[in-house]
Amino acid sequence: MTQPPTTQPRNWAGNYTYHAASWHRPRGVEELQALVARAGRVKVSGTRHSFNAVADTTGAMLSLEHLNRVVGLDTERATVTVEGGVRYGELGRFLHARGYALPNLASLPHISVAGACATATHGSGSRLGTLATSVRALDVVTADGKLVSLSHERHGEAFGGMVVGLGGLGVVTGLTLEVIPTYQVRQDLYEGLTLEQAEAHLGEIMSAAGSVSLFTDWASGRFHQVWLKRRVAEGDSHEPGPEWFGATLAPEDRHPIPGIPAVNCTPQMGVPGPWHERLPHFRLEYTPSSGEELQSEYFVPREHGPAALRALHEIGDRLAPLLQVSEVRTVAADELWMSPCFGQDSVAVHFTWRPDERAVRDLLPTLEARLAPFGVRPHWGKVFTLSPADLRASYPRLPDFRDLLAAYDPQGKFRNAFLETYIFGE
């Protein structure tokens with residue numbers, strides 16, 4: 001199914017307009033293979049939740065919205081196989097109904113599995129890696145239209161360069177993920193954690209539950225909310241105390257952005273529920289916001305977390321006027337070559353900006369300079385202004401990744417301006 005671009009679509013936030021010459025919605029893998037084989041340049045749009053040009057093309061844009069099935073659950077191998085267009089919210093419901101789960105989820109259940117893994121998107125958890133760390137195998141349509149299977153069993157160490165592929169190897173039509181037994185989670189919220197407490201006890205705070213998020217505006221000297229997502233077993237008697245590191249227990253459900261009703265958020269107040277209805281911050285059945293926002297995110301090694309918090313607080317008066325909210329999370333180290341968490345346990349600092357891209361881009365060099373001494377890496381799918389040279393220097397396996405892309409796509413069918421700048425540029 002092909003759609004000529006009368007008016008070019010935009011991303012979810014509306015800040016980026018795509019440049020594709022044509023849009024296609026194949027209804028099956030064979031149709032997709034034929035489209036790829038005859039195209040000059042190709043990319044996949046996913047759920048369009050990137051805030052930059054990482055998924056753009058001047059050629060053919062493919063949507064996998066019709067390739068959205070859960071293919072099968074292998075209980076012996078503890079894996080699930082899905083098509084590339086499946087969203088995490090639907091996969092969560094499928095798995096939980098059959099007694100299985102994923103270790104973690106991102107704050108939004110609306111994003112696609114393929115897109116999230118290709119960009120190393122993540123949730124929170126000092127012992128939990130990015131969502132891509134659950135991937136055990138990929139089905140990819142390569143530049144010649146052939147369908148190939150990639151896995152650690154077949155490709156060894158090179159598989160670490162394939163999972164977070166930034167769309168450069170080909171079109172990911174299927175993924176096999178490791179699963180675990182299903183579990184229940186409760187969310188408890190505290191309010192008013194001071195920056196001093198966070199700096200002094202960051203490791204203890206961020207490991208106090210399976211998933212922990214801190215929310216702030218960087219100007220107040222405190223985190224207005226702390227979200228603790230804790231696994232609970234039947235008969236678990238845990239009850240949070242009224243105070244915790246000087247913060248106080250929230251009296252009702254909260255939205256991360258102060259003043260916004262919490263109706264779109266997943267249930268809080270310690271009410272246990274299925275993992276897929278608690279680990280995300282927002283409910284699948286609601287759009288979390290109008291999309292009128294920009295997002296940036298930066299990763300630093302965990303040992304530099306307290307100093308990074310202090311550095312950001314020192315420019316809080318410049319950050320706050322452009323912020324809707326900022327979130328601090330932790331992510332475990334991985335061996336995925338292009339993951340921002342490659343080789344290092346990380347603190348991730350996320351910024352949800354007001355929709356003023358010019359002002360945000362003017363501010364980002366100052367923010368990035370503050371984080372530069374800590375070896376900062378940006379999220380691939382969000383707004384950043386780090387130089388290509390600085391970004392490339394922060395990824396020790398980038399030369400190997402470049403060779404991998406050249407081997408699978410020697411003519412550059414899946415390259416775009418973003419990859420040419422940040423991966424292949426000199």
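The following exercises, each with a worked solution, concern side-chain packing and pairing in a predicted model.

**Exercise 1. Aromatic pairs**

Classify the geometry of the pair Y298 and F351, and state where its two members lie.

Solution.
1. The structure holds 15 aromatic pairs, one of which joins Y298 and F351.
2. The ring centres of Y298 and F351 are 6.3 Å apart, and the planes meet at 65°. Planes over 60 degrees apart count as edge-to-face, so the pair of Y298 and F351 is edge-to-face.
3. Y298 belongs to strand 20 (residues 294-301) and F351 to strand 22 (residues 346-353). With their positions 53 residues apart, the pair links distant parts of the chain.
4. Y298 and F351 are both buried.

**Exercise 2. A pair within one helix**

Determine how the rings of F418 and Y422 are arranged, and which aromatic cluster includes them.

Solution.
1. The centres of F418 and Y422 are separated by 4.9 Å, with 50° between the planes. An angle that is neither under 30 degrees nor over 60 counts as tilted, therefore the pair of F418 and Y422 is tilted.
2. Helix 12 (residues 417-422) holds both F418 and Y422, which are 4 residues apart, about one turn of the helix.
3. Both F418 and Y422 are buried.
4. Together with W380, F384 and Y395, the residues F418 and Y422 form one aromatic cluster.

**Exercise 3. Arginines over rings**

Identify the arginine that lies over the face of F94 and the one that lies over the face of Y183.

Solution.
1. Over the face of F94 lies R98, at 3.7 Å from the ring centre.
2. Over the face of Y183 lies R231, at 3.8 Å from the ring centre.

**Exercise 4. The nonpolar cores**

Describe the largest nonpolar core and the surroundings of W353.

Solution.
1. The largest nonpolar core has 110 residues. Those with the most contacts inside it are L214, W218, L319, F351, W353, L367 and I423.
2. The largest share of this core, 5 residues, is supplied by helix 9 (residues 357-371).
3. Leaving aside residues up to four places away in sequence, W353 touches a set that includes L319, L322, L323, V360, L363, L364 and L367. The contacts of W353 also include E293, Q295, S296 and Q324.
4. Apart from the largest core lies another, of 13 residues, among them V42, A60, L62 and F414.
5. As general background, nonpolar side chains in soluble globular proteins tend to be buried together.

**Exercise 5. Salt bridges across the chain**

For R93 with E285, R230 with D188, and E199 with R310, give the separation of the charged atoms and the positions in the chain.

Solution.
1. There are 20 salt bridges in the structure. R93 and E285 form one of them, at 3.7 Å from N to O. R93 is in helix 2 (residues 88-97) and E285 in the loop between strand 19 (273-274) and strand 20, so 192 residues separate the partners in sequence. R93 is partly exposed, with a relative accessible area of 45%.
2. R230 and D188 also meet at 3.7 Å, N to O. R230 lies in strand 16 (residues 225-232) and D188 in strand 12 (residues 184-191), 42 residues apart. Because its relative accessible area is 18%, R230 is buried; D188, at 3%, counts as buried too.
3. R186, D188, R230 and E239 are linked in a network of salt bridges.
4. In the bridge between E199 and R310, the closest N and O atoms are 2.4 Å apart. E199 lies in helix 5 (residues 195-200) and R310 in helix 7 (residues 305-313), so the bridge ties together parts that are 111 residues apart in sequence. E199 is partly exposed at 21% relative accessibility, and R310 is partly exposed at 25%.

**Exercise 6. Cysteines and disulfides**

Explain why C117 has no disulfide partner.

Solution.
1. A search of the whole structure finds 0 disulfides.
2. The closest cysteine sulfur to that of C117 is in C341, 13 Å away, which is too far for a bond.
3. C117 counts as buried at 1% relative accessibility.

**Exercise 7. The setting of F299**

Establish whether F299 is buried or exposed, and which residues it touches.

Solution.
1. F299 is placed in strand 20.
2. Its relative accessibility is 0%, so F299 counts as buried.
3. Among the residues touched by F299, beyond those up to four places away in sequence, are H122, V331, P340, C341, V347 and H379.

Definitions and conventions:
Residues numbered from 1 in each chain as written. Predicted model: local features only at pLDDT ≥ 70, side-chain atom pairs only at ≥ 80, totals over all residues. Heavy atoms only, no water. Phe/Tyr/Trp six-rings, centres within 6.5 Å; stacked < 30°, edge-to-face > 60°. Buried < 20%, exposed > 50% of the residue type's maximum accessible area, 1.4 Å probe, protein only. Lys NZ or Arg CZ within 6 Å of the ring centre and 35° of its normal. Core = buried A, V, L, I, M, F, W, Y, C linked by side-chain atoms within 4.5 Å. Contact = heavy atoms within 4.5 Å. Salt bridge = Lys/Arg side-chain N within 4 Å of Asp/Glu carboxyl O. Disulfide = S-S within 2.5 Å.
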